[in-house]
Amino acid sequence: MIYTVTLNPSIDYIVEVEHLQLGHLNRMKRDLKLPGGKGINVSRVLTQLGAENTAMGFLGGFTGEFIRDFLSKSMVDSDFVSISDDTRINVKLKHGDETEINGLGPAITNEEAQALVAKLSHLKKGDILVLSGSVPPSLGSDFYERLIQVCKEAGADFVIDTTGEALLKALKDKPLLVKPNHHELAELFGVTIDTKEDLVKYGRKLLEEGAKHVLISMAGEGALLITDNEVYHANVPAGKVKNSVGAGDSMIAGFIGTFALTGDVLKSFRTGVASGSATAFSDDLAVKEQIETLIPQVQINEWK
């Protein structure tokens with residue numbers, strides 16, 4: 001079983017305005033409401049791929065109910081902790097360049113936090129826990145560490161997709177996969193990365209610190225997979241990019257969903273790249289048919 005954790009989910013309210021005039025009444029050209037949150041995105045794509053999974057985290061209020069209902073209708077299993085505060089709403093305003101206005105998110109009590117830890121105490125050997133996104137301030141900076149310790153005690157694997165200190169602290173516990181993009185990798189080590197050689201150099205540092213697999217997305221230049229023994233490069237399939245939101249989450253879902261089913265690293269890499277690309281070419285997250293169409297277009301070569 002794969003479990004995903006989203007600590008600060010949202011409703012993403014996407015609003016398109018043709019001619020935005022500040023200080024005046026503006027009418028929407030179109031709008032769309034979707035569940036937001038990196039772990040939720042991973043679960044939605046895992047479900048498309050037929051990988052058994054459960055989405056977890058915190059949901060509250062009428063906004064939380066919207067997300068629960070959406071996931072249920074999408075056949076995504078979930079087991080969220082109900083909280084007293086409302087789940088946040090993030091506004092994505094499209095008028096040429098996209099402008100984002102993100103909600104602060106709810107304050108989570110100690111009792112609510114402990115309820116999630118208790119749910120995860122049922123993890124067992126062979127399970128995979130996917131920890132994605134930022135940690136709300138009310139939970140404290142060490143909350144991912146608490147969840148990782150629960151995972152280790154159960155003998156389960158974990159994936160972490162976050163940035164900064166939280167990622168660095170998690171490396172010693174040997175995550176199954178980390179997935180920085182090239183910008184995040186540079187920020188992590190406080191360096192400038194100009195070449196693929198630089199990417200490999202700092203990607204290998206993540207391995208040296210404990211990661212088992214490092215997946216680095218490079219937008220239109222493809223992706224790198226770094227393992228103990230090899231470095232592989234994958235191209236990006238041809239297509240028109242419509243959406244960058246959720247592409248990285250979809251890549252994780254494609255990799256982990258396939259790895260859990262097959263244990264084949266290169267097949268997992270190929271499906272991950274196809275899944276990320278399928279989302280980038282869509283208005284929402286990738287669906288199974290899109291992913292399957294793109295998989296044959298992903299070419300993987302050993303990088304030297």
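Colleague: Is tyrosine 202 buried or exposed in this structure?
Modeller: The model is predicted, so the answer applies to the prediction. A residue counts as buried when its relative accessible area is under 20%. The relative accessible area of tyrosine 202 is 12%, so tyrosine 202 is buried.

Colleague: How many aromatic pairs does the structure hold, and which residue pairs with tyrosine 202?
Modeller: The structure holds 3 aromatic pairs. In one of them, the ring centres are 5.4 Å apart and the planes are 35 degrees apart, which makes the pair tilted. Tyrosine 202 belongs to this pair, and its partner is phenylalanine 189.

Colleague: Which helices hold phenylalanine 189 and tyrosine 202, and how far apart in sequence are the parts that the pair ties together?
Modeller: Phenylalanine 189 lies in helix α6, and tyrosine 202 lies in helix α7, residues 196-209. The pair therefore ties together parts of the chain whose separation in sequence is 13 residues.

Colleague: Which class of exposure does phenylalanine 189 fall into?
Modeller: Buried stops under 20% and exposed begins over 50%, with a class in between. Phenylalanine 189 has a relative accessible area of 25%, so its class is partly exposed.

Colleague: What type of aromatic pair do phenylalanine 255 and phenylalanine 259 form?
Modeller: Both residues lie in helix α8, 4 residues apart, which is about one turn of the helix. Phenylalanine 255 is buried, at 1% relative accessible area. The ring centres of the two residues are 6.1 Å apart and their planes 10 degrees apart. Planes under 30 degrees apart count as stacked, so the type of this pair is stacked.

Colleague: Which helix gives the largest share of the lining of the second largest pocket?
Modeller: This pocket has a volume of about 170 Å³. Its lining includes Gln48, Gly257, Thr258, Leu261, Thr262, Lys267 and Lys288. Two or more lining residues come from each of α8 (247-262), α9 and α10 (288-294). The largest share is 4 residues, and it comes from α8.

Colleague: How many residues of α9 are buried?
Modeller: Helix α9 covers residues 265-280, and it spans 23 Å from its first C-alpha to its last, close to the 22 Å expected. Its buried residues include Phe269, Thr271, Val273 and Ala280. The helix is largely enclosed by the rest of the structure, because the buried share of its 16 residues is 12.

Colleague: Which residue has a side-chain oxygen that reaches the backbone nitrogen of leucine 266?
Modeller: The contact is at the start of α9. The oxygen comes to within 3.1 Å of that nitrogen, and its owner is aspartate 264.

Colleague: What is the relative accessibility of threonine 293, and which residue offers a backbone oxygen to its side chain?
Modeller: Threonine 293 is in helix α10. It counts as exposed because its relative accessibility is 52%. A polar atom of its side chain lies 2.9 Å from a backbone oxygen, which belongs to glutamate 289.

Colleague: How many cavities of 30 Å³ or more are there, and which elements each supply at least two residues to the lining of the largest one?
Modeller: The count is 2 cavities, and the largest holds about 40 Å³ of space. Its lining includes Tyr144, Glu145, Ile148, Lys169 and Ala170. By class, the lining has 4 nonpolar, 1 polar and 2 charged residues. The elements that each give at least two residues are α4 (143-154) and α5 (164-170).

Colleague: Which elements give two or more residues to the lining of the second largest cavity?
Modeller: The second largest cavity has a volume of about 30 Å³. Thr162, Leu167, Pro180 and Glu184 are among its lining residues. The elements that meet the condition are α5 and α6 (182-189).

Colleague: What is the phi of methionine 75, and what is the phi of lysine 174?
Modeller: Most residues other than glycine have a negative phi. Methionine 75 lies in the loop between α2 (61-73) and β5 (81-83), and it is exposed, with a relative accessible area of 65%. Lysine 174 is in the loop between α5 and β10 (177-178). Both values are positive: phi of methionine 75 is near 65 degrees, and phi of lysine 174 is near 60 degrees.

Note on methods: Residues are numbered from 1 along each chain as its sequence is written. This is a predicted model: local features need pLDDT of at least 70, side-chain atom pairs count only at pLDDT 80 or more; totals for chains, interfaces and linings use all residues. Side-chain values use heavy atoms; hydrogens and water are left out. On a 1 Å grid over the protein atoms alone, a cavity is a set of points where a 1.4 Å probe fits but cannot get out, and a pocket is an open set with protein on both sides within 12 Å along at least five of seven lines; lining residues have an atom within 4 Å of a point. Grid points are joined across faces, edges and corners, and a volume is the space filled by probe spheres set on the points. Ala, Val, Leu, Ile, Met, Phe, Trp, Tyr, Cys and Pro count as nonpolar, Asp, Glu, Lys and Arg as charged, and the others, Gly among them, as polar. The expected span of a helix is 1.5 Å times one less than its number of residues. Buried means under 20% relative accessible area, exposed over 50%, partly exposed in between (1.4 Å probe, protein chains only). A polar contact is a pair of N or O atoms within 3.5 Å; within protein, one must be able to donate a hydrogen and the other to accept it, and residues adjacent in sequence count only if both atoms are side-chain atoms. Rings of Phe, Tyr and Trp (its six-membered ring) pair if their centres lie within 6.5 Å; planes under 30 degrees apart count as stacked, over 60 as edge-to-face and the rest as tilted.
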